[in-house]
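Visitor: I'd like a close look at one part here, the aromatic corner and the strands around it. Can you take me through what sits next to what?

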Amino acid sequence: MTDRYVVIGNPVGHSKSPWIHAQFARATGQDIDYGRLEAPLDGFDAAVDAFRASGGRGANVTLPFKQAAFRYCAELSPRARAAEAVNTLVLDRAAVFGDNTDGVGLVRDLQANLGCGLEGRRVLLLGAGGAAQGVVQPLLESGVALLVVVNRTAARARALAARFPGVQGGGYELLDSGSYDLVVNATAAGLSGALPTIPPRVFARDALAYDMVYGRETPFLAFAREHGVQVSDGAGMLVEQAAESFLIWRGVRPRTDAVLDALRHG
Ligand code: ATR
């Protein structure tokens, strides 16, 4: 019988994950079926329970359920524990296992696809929600010299930063001084067409502006581009985190280059 997987979110209709995993399955000869599951906002646990009871083997978790997924899991990987958020569920074990592949996806996209070295770099992370939480530890492990987390609700950024030695956190007033080699937008502001208020000075010479949102020019990317800064959307992070989830489920690491190329230009 074909093994079944889903991406769970709300909304989930526009998710590219089913398409990405179908490409991976074809390329690696794995027999899987990967669909979408829209859970009610107050019904994440029940939706996963039902999918698991029907034989579902695993799931990706997207907005707004990554923290709910963290609480749902009986066992967690170290990186999910550090993130306090889960984007990958393994459902075909006695105890539900949760992992977080977002951070490794971002780091791999930056290093392998975009040629953006992280060692010794000064990094600014905008936002302190589920998306930001997932990437702090992997960025630190990649040897960045400085990581500053800035959020509209300053207390949230301070709380996130306090969990990791050496990370600074606070409100947008922290941006009154300093410049950064990499500025990552992990806020949901781009989805609503809003722009977090950042002075162009935050971009160091040869900086990269990266938005975790994919497939659209967000106000953040447009702003960076206007100021002559190199930009990238989150398409590569999406494909790389998917490849890492596929590896966890299937024991095979799919190649990502052709899929990323098709996602960008297809
Ligand atoms: P996610 O899981 O995508 O991170 P979230 O937990 O709801 O979702 O977090 C959304 C993030 O986007 C938060 O950092 C939020 O800031 P607050 O903590 O102050 O709410 C940020 N955000 C959303 N809209 C924003 C806007 N218009 N300007 C700046 N930040 C915004």
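Guide: Let's start with phenylalanine 220, which is buried at a relative accessible area of 1% (buried is under 20%, exposed over 50%, partly exposed in between; 1.4 Å probe, protein chains only). A word on ground rules: this is a predicted model, where local features need pLDDT of at least 70 and side-chain atom pairs count only at pLDDT 80 or more, while totals for chains, interfaces and linings use all residues. Numbering runs from 1 along each chain as its sequence is written, and side-chain values use heavy atoms, with hydrogens and water left out.

Phenylalanine 203 is buried as well, at 9%. To place these two rings, it helps to look at aromatic pairs in general: the whole structure has 7 of them (ring centres within 6.5 Å, using the six-membered ring for Trp; planes under 30 degrees apart are stacked, over 60 edge-to-face, the rest tilted). Take phenylalanine 44 and tyrosine 72: their ring centres are 6.0 Å apart with planes at 85°, so that pair is edge-to-face. Phenylalanine 44 belongs to helix H2 (residues 44–53) and tyrosine 72 to helix H3 (residues 66–72), so 28 residues of chain separate the partners (helices are DSSP H or I runs of at least four residues, strands E runs of at least two, numbered from the N terminus). Phenylalanine 44 counts as buried at 3% relative accessibility, and so does tyrosine 72 at 16%.

Back in our corner, phenylalanine 203 and phenylalanine 220 make a tilted pair, with 6.5 Å between centres and 45° between planes. Phenylalanine 203 comes from strand E11 (residues 203–211) and phenylalanine 220 from helix H9 (residues 219–226), so the pair ties together parts 17 residues apart in sequence.

Now follow E11 itself. Of its 9 residues, 7 are buried, so the strand is largely enclosed by the rest of the structure. E11 pairs with E10 in the parallel sense over 5 bridges (pairing takes at least two DSSP bridges). Phenylalanine 203 turns up again here, as the bridge partner of tyrosine 180. So what else does E11 pair with, and over how many bridges? That would be strand E12 (residues 230–232), again in the parallel sense, over 3 bridges. There, tyrosine 210 stands opposite serine 232 of E12.

Tyrosine 210 also shows up among the neighbours of leucine 182. Leaving out residues up to four places away in sequence, leucine 182 touches Leu110, Leu118, Arg122, Val123, Leu124, Leu208 and Tyr210 (contact is heavy atoms within 4.5 Å).

For a contrast in strand layout, look at the open sheet of 6 strands, ordered E2-E1-E3-E5-E6-E4 with mixed pairing. Its edges are strand E2 (32–38) and strand E4 (75–76), each pairing on one side only. E4 runs parallel to strand E6 (residues 97–99), joined by 2 bridges, and glutamate 75 stands opposite phenylalanine 97 in E6.

One last stop, for a helix: H11 (residues 257–265) has Val259, Leu260 and Leu263 as its buried residues. Those buried residues pack against helix H1 (17–28), helix H5 (102–113) and helix H10 (235–250), while the face turned away carries exposed Ala258 and His265.
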